[in-house]
Amino acid sequence: MHSTLPIEHDVSLQAFNTFGLPARARRYLRVSDPAQLDGLRQDPEAASLPRFVLGGGSNVLLTRDVEALVLHMAIPGREIVGEEGDAVLVRAGAGENWHAFVDFTLSQGLGGLENLSLIPGTVGAAPIQNIGAYGLEIKDVFHSLTTYDLASGARRVLAAADCRFGYRDSLFKHPEGADLVVLDVTFALPRAWRPNLRYAELAQAAEAAGLADPTPRQVSDLVVAIRRRKLPDPADIGNAGSFFKNPVVSAAQCTALLERFPQLVHHAQPDGSEKLAAGWLIDQCGWKGKNLGAAGVYPRQALVLVNNGGATGAEVQALARAIQDDVLARFGVALEPEPVFV
């Protein structure tokens with residue numbers, strides 16, 4: 001029997017992942033309306049296929065062709081939906097470009113998301129990864145989201161506590177959230193906005209620009225300038241942003257490392273643990289600017305792995321493993337990749 005949905009066969013995913021890696025989808029469906037997900041349950045072709053949900057492709061490493069049905073989330077929409085307490089509620093569809101949505105909130109005179117400017121990807125993927133940068137994480141401005149359960153077909157609104165946010169982590173990265181697809185996300189943006197300049201590099205940039213009391217748009221512009229200076233544009237050089245999480249170690253392990261490496265970059269955490277700078281660890285192992293085949297480490301930021309042209313997912317994976325091995329051997333610290341390996 002033929003599918004009643006516009007499912008495409010043997011589709012290249014190279015343009016749909018920011019690494020620009022070659023891979024093909026056995027079946028592909030661009031989801032622009034939640035009703036299409038309902039249709040999957042009755043569709044004769046799709047019913048028996050495993051599913052793989054794809055957003056902006058900025059947090060995925062495609063190491064092979066995808067045998068599953070790729071659900072490419074493209075649900076549009078962005079609007080101010082009301083107020084709650086001293087916050088304005090703004091909702092966006094899962095398929096909206098993240099930076100374009102941040103820009104939309106700023107154009108509405110709303111601050112709160114500016115520290116997360118220029119992060120690649122989609123709105124729907126942002127809470128899954130609990131994206132963060134420059135002293136802010138999604139959980140800090142999150143209100144709720146709507147999910148679709150691929151197993152049951154049920155829709156459900158989840159609050160922050162339901163999402164179990166952690167460092168680059170959430171419910172959706174665990175087995176109990178594996179069947180949940182994000183349809184839209186609502187953010188609570190403060191009416192009484194104050195600039196978040198806790199991150200030292202951002203505070204220094206504001207001071208250098210003579211901005212004692214910057215506006216949300218000015219903070220966004222500073223963040224964009226810093227990111228463009230440090231990170232490659234995926235349109236020019238394939239990459240997935242920061243490739244490794246900053247590892248968290250015990251205070252005792254950090255103290256022991258400082259005795260051997262006094263320049264170790266570390267940040268105390270509220271629970272007494274210490275977060276180490278993965279980029280510094282990689283740099284100390286001599287990887288910055290080095291290549292392994294067509295994959296390499298970005299010369300300006302050791303935390304970013306790049307596709308120098310023609311790289312395969314297997315080459316990027318081999319480079320990542322070599323870096324992990326060196327960091328573990330020298331520092332006794334295990335690096336965990338941020339992207340999902342497929």
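Asn-130 sits in the loop between helix H3 and strand E8 (132-133). The model is a predicted one, and in it Asn-130 counts as buried because its relative accessibility is 0%, where the cut-off for buried is under 20%. Its side chain comes within 3.3 Å of the backbone nitrogen of Ile-138. Ile-138 also appears among the contacts of Asn-130 beyond its neighbours within four places in sequence, together with Glu-137, Lys-139, Phe-165, Gly-166, Arg-168 and Asp-169.

Helix H3 (125-129), which comes before this loop, is also part of what covers the buried residues of helix H2. H2 spans residues 98-107, and its buried residues are Trp-98, Phe-101, Val-102, Phe-104, Thr-105 and Leu-106. An α-helix has 3.6 residues a turn, so residues three or four places apart point the same way. Besides H3, the cover over the buried residues of H2 includes strands E6 (78-84), E7 (87-93) and E12 (180-190), and helix H6 (216-230).

Both ends of H2 have a feature to look at. At the N-terminal end, Asn-97 acts as a cap, with a side-chain oxygen 3.1 Å from the backbone nitrogen of His-99. Just after H2, Gly-109 has a positive phi of about 80°.

A second loop, between strand E10 (142-149) and strand E11 (155-159), holds Leu-150. Leu-150 has a relative accessible area of 12% and is therefore buried. Asp-179 lies 29 residues from Leu-150 in sequence, yet their C-alpha atoms are 5.2 Å apart in space. Leaving out residues up to four places away in sequence, Leu-150 touches Asp-179 and Val-181, and also Leu-37, Leu-40, Arg-41, Arg-51 and Leu-71.

The remaining points concern the chain as a whole. Of the contacts with a separation of 6 or more, 61% join residues 24 or more positions apart. The secondary structure consists of nine helices and 20 strands, and 50% of the 342 residues count as buried. A compact globule of 342 residues would have a radius of gyration near 20 Å, so the 21 Å of this chain agrees with that expectation. Along the principal axes, the C-alpha atoms fill a box of roughly 65 × 50 × 35 Å.

On the outside, the chain exposes about 15,500 Å², and carbon and sulfur atoms supply 50% of that area. The chain carries 31 positive and 38 negative side chains, and the centres of these two sets are 3 Å apart.

Methods. Residues numbered from 1 in each chain as written. Predicted model: local features only at pLDDT ≥ 70, side-chain atom pairs only at ≥ 80, totals over all residues. Heavy atoms only, no water. Buried < 20%, exposed > 50% of the residue type's maximum accessible area, 1.4 Å probe, protein only. Helix = DSSP H or I, 4+ residues; strand = E, 2+ residues; numbered from the N terminus. Contact = heavy atoms within 4.5 Å. Polar contact = N/O pair within 3.5 Å; in protein donor to acceptor, adjacent residues only side chain to side chain. Rg over C-alpha atoms; globule rule 2.2 N^0.38 Å. Areas by Shrake-Rupley, 256 points an atom, 1.4 Å probe, with all protein chains shown as cover. Lys, Arg positive; Asp, Glu negative; His and termini not counted. Charge placed at Lys NZ, Arg CZ, Asp CG, Glu CD.
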